[in-house]
Every structure is written in structure tokens, then in C-alpha cells.
Amino acid sequence: MNIRLTLNYMGTAYHGWQRQQNAATIQATLEDAFAALTGHHSAFIGCGRTDAGVHARGYVANTRAETSIPMEKLPLALNAKLPRDISVYRAEQVSEDFHAVFSCVGKEYTYTIQNGRVRNPFLNDRAMFIPAELDRAAMAQCAAEFVGTHDFAAVRSLGSNVKTTVRTVFDCEVGGTEELITVRIKASGFLYNMARAMAGTLVYAGLHKLQPGDITEILKSGDRRLAGPTLEPGGLCMTGVWYEE
């Protein structure tokens, strides 16, 4: 059967989703827990390769395996084998053609910034601390320039092979509370470090290092050096995944 799991995880202690030699990853931890529960190893396909230190809410993975455990009881059984920073909250049998990656039509990432004079230790590894005051209105104005179908080569890091760097951003919104600024990006797909580089570019806009109109020109140039920095991973969380159904 084709089993689809939905899970949440804090990525601080892990080197991303994908299994690696001599490094703790979400995929390896999930597969080991499933093997300990069922007695046989099953390879899980994850909806995206979250980087080291990046978190996820509503992450989707699927595997083809046989188990006598009812789907409604599988999350609790798996969670008994998983560490506290990974939690499965839904399991379901899906059609054989469902694929966590290829069936996906959109993802959402949210980057969180603590913007204030004093660092909040309760936000460590959950938000990036930036003490300099950020102009949220300027950030929001520049964020709108990311929306649409563009070549996003200027806001990606090298390190992965892709056929094209063209993606569609459906929404890029700056919000949050008095203490926190959130950059929420919903897109057809993301390039390597694209969300963190987009957030870093909007930080530059908030510091008035970039002006309205600059984002459009940066994307046209394809030059990574013209955009803002790639922000630290702890502030990033995958917050949504959408499928064809």
C-alpha cells in the first residue's frame, strides 16, 4: 500500500531531511522508527529537502509498505519510536500514483525575524534576531515584486542541479506582531536557499539598502551578488504543502 504521513519537526538537531552518512537527518530518523515498528525498512519520499536547522509544519512523506497497524493508530505507534522533536499527526492510505514530490503543486515557507533591542532567548533557533529597526512597509512593498513567474537565479545558492531556475511565486507577504516580523512565501517550488535569500533581500529593503524597483532589476540580472544575504536556517519553517487533489 502507499502510505502518506504528515508530520511536524524542529530541525535544529538535524542536517535536513535527506538521509546522509554520519549525520542525523529527519528521513533517517523516520525510516529507522518505521523499521523498529514494523520489522522491515521502507524508504520514505519527502516533499522537499529542507536544509540543516530548518523546521517544518505539515511536512508530507510517503512510502510503499505493508503493515497491519490501522492508519488511525499508526501516528501514535510511530511517535512512541520517534524523538520529541519529530511528531507524526496523520497517516492515510493514498492512491498508488501519489508521490510526495511529483504530486505537489505548491509549497509555503515562512521566515521569522525577531526585531527589537533585546534578544529573546525563547526564540533561539526559531527566529533570527536583528536589532536594527526594519521598515516593514518598505519590506512589504519590495515583497510584492517577487510575485509572479520569474527567473530566481539571483536568490538561490549553488549546490543543486536543476533544469531551470524559473519558478512562480503566488504570494510573498510581510506580516507578524510587534516583536516578530514574518515573511511568508508561497510558490510552485523553491530553489536551494531561495526562501532564505528572499528573506535576506527583504531585510536589506527594511534597512533601506534596497529601494522599490530594485528587486525587479535584481531578478532580471540573475546576479546573486546584488541580492541580500542568505539568512540563518533557524528562522525558516516550511508551513504548507499543496497537492493536486
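Is Asp-125 buried, exposed or partly exposed? In this predicted model, Asp-125 has a relative accessible area of 43%, so the residue is partly exposed. Its place is in the loop between E5 and strand E6, which spans residues 128-130. The backbone deserves a look too. Most residues other than glycine have a negative phi. Asp-125 has a positive one, near 65°.

His-208 makes a good companion. Its phi is also positive and near 65°, and it too is a residue other than glycine. Find it in the loop between H4 and H5. With a relative accessible area of 47%, His-208 is partly exposed, because buried means under 20% and exposed means over 50%.

From His-208, move on to the helices. Which residues of H5 are buried? They are Ile-215, Ile-218 and Leu-219. These residues cover an arc of only 95° around the axis, so they sit on the same side of H5. Helix H5 itself runs over residues 214-221. The cover over its buried residues includes H3, H4 and strand E7 (148-151). Just after H5 comes Gly-222, with a positive phi of about 70°.

Helix H3 can be read in the same manner. It spans residues 136-143, and its buried residues are Ala-138, Met-139, Cys-142 and Ala-143. Why do they lie on the same side of H3? They do so because they cover an arc of only 135° around the axis. What do the buried residues of H3 pack against? Two strands are involved, E8 (166-176) and E9 (180-187), along with helices H4 and H5. The start of H3 has a contact of its own. There, a side-chain oxygen of Asp-135 comes to within 3.1 Å of the backbone nitrogen of Ala-137.

Now turn to strand E1, which covers residues 2-9. Asn-2 belongs to this strand. Its relative accessible area is 0%, so Asn-2 is buried. Which side chain does Asn-2 join through a polar contact of 3.0 Å? The partner is the side chain of Asn-62. Asn-2 has further contacts with residues over four places away in sequence, including Thr-63, Arg-64, Glu-92, Gln-93 and Val-94. Ser-95, Glu-96 and Phe-98 are also among them.

Arg-4 lies in E1 as well. This arginine counts as buried, because its relative accessibility is 12% and the cut-off for buried is under 20%. Arg-4 and Gln-27 are 23 residues apart in sequence; from C-alpha to C-alpha they are 14 Å apart in space.

Next, look at the loop between E2 and E3, where Val-54 lies. Val-54 has 2% relative accessibility and therefore counts as buried. Which residues does Val-54 touch, leaving out those up to four places away in sequence? They are Tyr-9, Gly-11, Tyr-109, Pro-233 and Leu-236. Tyr-111 is 57 residues away from Val-54 along the chain, with 10.0 Å between the two C-alpha atoms.

Finally, consider the pockets. Rolling a probe the size of a water molecule over the atoms shows where empty space is left. The largest pocket has a volume of about 1200 Å³. It is lined by 36 residues, and those closest to its centre are Cys-47, Gly-48, Arg-49, Lys-107 and Phe-190. Which elements each supply at least two residues of this lining? Strands E2 (45-46) and E5 (104-115) do, and so does helix H4 (194-206). By class, the lining of the largest pocket holds 17 nonpolar, 14 polar and five charged residues.

The second largest pocket holds about 210 Å³ of space. Its lining has 16 residues. Nearest the centre are His-55, Arg-57, Thr-112, Arg-126 and Cys-237. Four strands each give at least two residues to this lining: E1, E3 (55-64), E5 and E10 (236-243). The lining of the second largest pocket divides into seven nonpolar, seven polar and two charged residues.

Strand E5 links the two descriptions. It supplies at least two residues to the lining of the largest pocket, and at least two to that of the second largest.

Key:
Residues numbered from 1 in each chain as written. Predicted model: local features only at pLDDT ≥ 70, side-chain atom pairs only at ≥ 80, totals over all residues. Heavy atoms only, no water. 1 Å grid on protein atoms, 1.4 Å probe; cavity = no way out; pocket = protein on both sides within 12 Å on 5 of 7 lines; lining within 4 Å. Points joined across faces, edges and corners; volume = space filled by probe spheres on them. Nonpolar A, V, L, I, M, F, W, Y, C, P; charged D, E, K, R; others polar. Buried < 20%, exposed > 50% of the residue type's maximum accessible area, 1.4 Å probe, protein only. Arc of directions from axis to C-beta. Contact = heavy atoms within 4.5 Å. Polar contact = N/O pair within 3.5 Å; in protein donor to acceptor, adjacent residues only side chain to side chain.
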